[in-house]
Amino acid sequence: MVTLSVVSVCVLVCCWTNVGAFYLPGVLPAAYCPVREEGEDPNPSNCKSNIDVYVNRLDSLESIIPYDYNSFDFCQASDKKTAPTENLGQILFGDRIEPSMYELTFKKDETCKPLCSKTYTSSETEQIVKLQFLKTRIMQNYQNHWIIDNMPVTWCYSVTNTEQYCYPGFPIGCYVTKGGRSKDACIIDQERYSSPDTYYLFNNVKLTIQYHPVDEEVAEGAGRLVSAKAELRSIASRNTDDCQYQNGPFGIPATLPVEGLTVHYTYSVEFTKQLNVRWASRWDYILESMVHTNIQWFSILNSLVIVLFLSGMLAMIMLRTLHKDIAKYNQMESMEDAIEEYGWKLVHGDVFRTPRRPMLLAVFVGTGSQVVLMTMITLVFACLGFLSPANRGGLMTCVIVLYVLLGTPAGYISARIYKLFSGVHWKTNVLMTAFFCPGVVFWCFFAMNLILWAKASSAAIPFLNLLAVLGMWFGVSVPLTFVGAYFGFRRRTIENPVRTNQIPRQIPEQSCWTKPIPSIMMGGILPFGCIFIQLFFILNSIWSQHFFYMFGLLFLVTLILMLTCGQAAILLCYFHLCAEDYHWWWRAYLTSGSTSVYLFFYCVNYFMTRLQITGITSTLLYFGYSSIMVFLFFLFSGTTGFFSCLWFIRKIYSVIKVD
């Protein structure tokens, strides 16, 4: 009954979180008013008429290398002063938000408004290079990402007779292969886009902007924007104001004609009233139409209940067995009974013996504690709505800042564990805690950043921003780690419940399943079973440009993951102690940490079955970023299992009588 009550409460929390995950505290909705005629009352100060259109990076499902808008030979705004400032998370994700040339006025429709023209001739090498770059990105299906009123401009199309899919972005064009096969967006109208080996550029965009009227709240005719949808057309325009669809599509041939090529960019705007959608729920149509988000919630909750049930059964069996063992050991009064001892009590004189490479283990435990705290605090903020999709880059910014500020717990725990191991090289321990694991992540990230620099990608962190990250590491995280280690080494050494013998006990021959590698790999199966469904949505949000908003469910899954990691590590640790194998320190860490191995295999499977990534560079970037994620998950799960085993072993050896 208690378990069912806990599950019910968690389900209610998940449901509440999903409803309120998009409201970012401190952000007020913006109201827009039409332009007033002379003699009419002016608009209030909090109601503007001009709607800003911002352009962001362009990316593709076939390549991990994003490019900023200015890398393409599109129409670019000359005024850079109105560009919003990106936060740290946006910079790390490669966002480069810039103002655009598109001019929108509330409730003012536009038809075939000229933007600019671009001419390409075979005599100009620079123009040929720009055109070739554009053709290559069209072939790779690169997507525009525009922002209007902090909302993504979506491209909606029908996937079935009753379902519509709205993607937060839209392609710059589409390609028809030499064999006449239409790719990507060309599939929608294969009769129009049918010429072989042709690159069709969507040079005309129609923006349909829906607004919800708020006349009574703000001013007469005012409204709040609730959606912005783009309709794409490729039109062979004869001049800047020619948008006749009958002209046929604008196709870029594989070889540039001798007379050259001219592209006319135009756009249209239409405002429509929407009474059924309010500003607070304007993200719903994007999230509801996402592929694979309409999942069977009952099946997921059922799997979570099964995991809880199995964990409870394991705990019950172990507690009953342990209770009998402890009662039997404590009833032994004679030497003859002591000689006949068996099981985990036999190794009481060796169970707390210092493991091999104690410093490295202490460093992993300390840094892992930092990762665990960072993850849990981030999830709490996400469940409260601070890290909604509207707050771009907020999730990564929160992660980086929390990791930097949690250097003190890392230094403190690492020092306490190293002191428990009777370590004497405390200076080395402090330095390794501050630099080893963060250094591994940084150098992997820096190596991939060099690749992105070489490709002139927007995901490459600028040098000054990279110095800022290093400044946070060396100027904040490292001193806090030193402070934590100082207090950790000043505390008294943790006392073990039993004494350690001077001569190590010989370990008997172990069976196949109790040997290190098989038992460690078995320990990661059950924890991975808790998260593999959630992993699909997490990887989708990272690599397929999907919004992740189910933070309530993720928080619940994370708690169950920690519970399962701890119980799997305790169970296998108990079996090894019963087999008189007392080398449990590293095994406890690696048993639950082996879940990261299955995570890596899942990433490989996701790459081969779900992604369309091509090219050696994008493949290296994918596995590089995945390796960082796997390493951090190893620290998270391994630390959880280590502390669970440490608590369990200290508990059972503190209740037995040892002469």
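**Close-up 1. Gln502 is an exposed loop residue.** With a relative accessibility of 79%, Gln502 counts as exposed, because the cut-off for that class is over 50%. The model shown here and in the other views is predicted. Gln502 sits in the loop that connects helix H11 (463-490) with helix H12 (516-523). Its C-alpha is 8.6 Å from that of Gly349, although Gln502 and Gly349 are separated by 153 residues in sequence.

**Close-up 2. Strands E18 and E19 run antiparallel.** Strand E18 (residues 204-213) and E19 are joined by 10 bridges. Within this pairing, Leu207 stands opposite Ala230, a residue of E19. Strand E19 (residues 223-233) is mostly covered, with eight of its 11 residues buried.

**Close-up 3. Phe364 and Phe634 form an aromatic pair.** The count of aromatic pairs in the model comes to 59. In the pair of Phe364 and Phe634, the ring centres are 5.9 Å apart and the planes are at 90°, an edge-to-face arrangement. Phe364 belongs to helix H7 (residues 358-383) and Phe634 to helix H17 (residues 616-653), so the pair ties together parts 270 residues apart in sequence. Phe364 counts as buried at 9% relative accessibility, and Phe634 is buried with a relative accessible area of 16%; the cut-off for buried is under 20%.

**Close-up 4. Eight residues make up one aromatic cluster.** The cluster is formed by Phe445, Trp543, Phe600, Phe601, Phe607, Tyr622, Phe623 and Tyr625.

Key:
Residues are numbered from 1 along each chain as its sequence is written. This is a predicted model: local features need pLDDT of at least 70, side-chain atom pairs count only at pLDDT 80 or more; totals for chains, interfaces and linings use all residues. Side-chain values use heavy atoms; hydrogens and water are left out. Buried means under 20% relative accessible area, exposed over 50%, partly exposed in between (1.4 Å probe, protein chains only). Helices (H or I, at least four residues) and strands (E, at least two) are DSSP runs, numbered from the N terminus. Two strands pair if DSSP finds at least two bridges between them. Rings of Phe, Tyr and Trp (its six-membered ring) pair if their centres lie within 6.5 Å; planes under 30 degrees apart count as stacked, over 60 as edge-to-face and the rest as tilted.
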